[in-house]
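Here are some short exercises to work through with the model open beside you. Try each one before reading its solution.

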Amino acid sequence: MYLEHFKLKELPFRLSPDPAFLFLSQIHSRAKAYMESTIWFTDGFVVITGEIGSGKTTLIESFLKEIDQDVVVAQINQTQVSPIEFLQGLLAQFGFSPFRMRKAELLDTLNNFLIEQHANGRRVLLIIDEAQNLSNKVLEEVRLLSGVETTKEKVLRIILAGQPELHAKLDSDELIQLRQRVRLRFHLSALTEPEMGDYILHRLRVAGSEDREIFEPDTFPLIFRYTGGIPRLTNTLCDTCLLSAFGSDVEKVDVDMVRKVIGELQWQEYAGRTHTDLPATRIDDTSPQPRPPVGRVVLSKRGITIDHALLVPGRFIVGRTTDNDMQIDSKFVSRHHMQLVTSVDSCYVEDLNSTNGVFLNGKRVRRHKLQAGDVIKLGMHEITYSPVDLPAEPGDDTHATRTTVLQDSDTDLDSDDESETDDESETDDEEQDESSYSSIARGS
């Protein structure tokens, strides 16, 4: 392979989860801190979600590597099982041979084991990966197990990790009792472009690069455009680039090399292929590929249109900061508040674990398929969705993947005095509106 060619000690971009290569971005650090909190707090579940390849399993492996010896761990990865199979698998993790036990015996054995471990000063942790595949019946068994307690505290600590579909499952009416026991929910989002660059350099250093430049810096924006900051996709692309550079007998990966590899992999830009069944066509260059819009969103406040944007297949993120596709400057809106996931024939709104929630028709939603004319409410702001059957007219300056900063504007008022008075009134109204929504989000 290319190890000797690049003077590396080990492969830097393997897909297997290796805690030694863990890169703790700000978002990954928070997720790990929440996992660690389960050891000390037993008053509820911790739920960690993230897209495929976002680093959940690597984070779990790193967390387990550093865990105290007095913690007894059961890690469940096979989740397409029946309730009986789940209980049997859990007991097998604890060293039992439970495969001929009936359910009553399984539960009795588990209860006795948990109480015994607590009496001996040991803490018990259950980690379920790919938890989005668990049936409602199995999740109910998990809830019942979480209720095993002494007179002072619960004796089983639980972390559920999975893809974003886990949020929708937990929000179903059938699992309301389980949802009430969730103490923390956290979504592991993709790396930002600067973080992705640091991630690549980090893995190369761990592999033995000693800060030698193997990827030219101007390759990072191109890599990000095609990986979206997803660690697994970044690993795949970078590993293939190193292999290609080795085959070409060059010591650095440049932009032309990345373009060549993208063409060989037949990748579309990340935003264009996410959640979309796109044909795998050969890419001859890495310039933005034209994609016809399939939807439109209009942002308004108090009935006044602020701006609008066209939606192309992929994801469109709405939040408070400038790194979003649509920025809403409001304290009600979280940094990354929600996303619109669009394909050629549908559009879904998804809450990105926001503080104050996403509301549609007066109801808080986690994930919902949008219909023409649906209005998403974020405080005083409203986002109206409609499908687009035809491409934008020539001269339409609407951006398909990025909009300008969207801020409230009252420039149509006749005088400075009127503007100042209206601004004050509007601010008061927004604070009242956001307060009411925050109360709904908190369940008060």
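**Exercise 1. Find how many residues of strand 5 are buried, then find its partner.**

Solution. Start with strand 5 (residues 182-188): 5 of its 7 residues are buried, so the strand is mostly covered, where buried means under 20% relative accessible area (1.4 Å probe, protein chains only). Strands here are DSSP runs of E, at least two residues long, and helices are runs of H or I of at least four, both numbered from the N terminus. Next, look at strand 1 (residues 45-50), which runs parallel to strand 5 and is joined to it by 6 bridges; pairing takes at least two DSSP bridges. Finally, find Thr 49, which sits opposite His 187 of strand 5.

A word on the model: it is predicted, so local features need pLDDT of at least 70 and side-chain atom pairs pLDDT 80 or more, while totals for chains, interfaces and linings use all residues. Residues are numbered from 1 along each chain as its sequence is written, and side-chain values use heavy atoms, without hydrogens or water.

**Exercise 2. Is Ser 25 buried or exposed, and which residues is it in contact with?**

Solution. First, place Ser 25 in the loop between helix 1 (3-6) and helix 2 (26-40). Its relative accessible area is 2%, so Ser 25 is buried. Then follow its side chain to that of His 28, a polar contact at 2.7 Å (N or O atoms within 3.5 Å, one able to donate a hydrogen and the other to accept it; residues adjacent in sequence count only if both atoms are side-chain atoms). Last, set aside neighbours within four places in sequence: Ser 25 is in contact with Leu 191 and Glu 195, with heavy atoms within 4.5 Å.

Methods. Buried means under 20% relative accessible area, exposed over 50%, partly exposed in between (1.4 Å probe, protein chains only).
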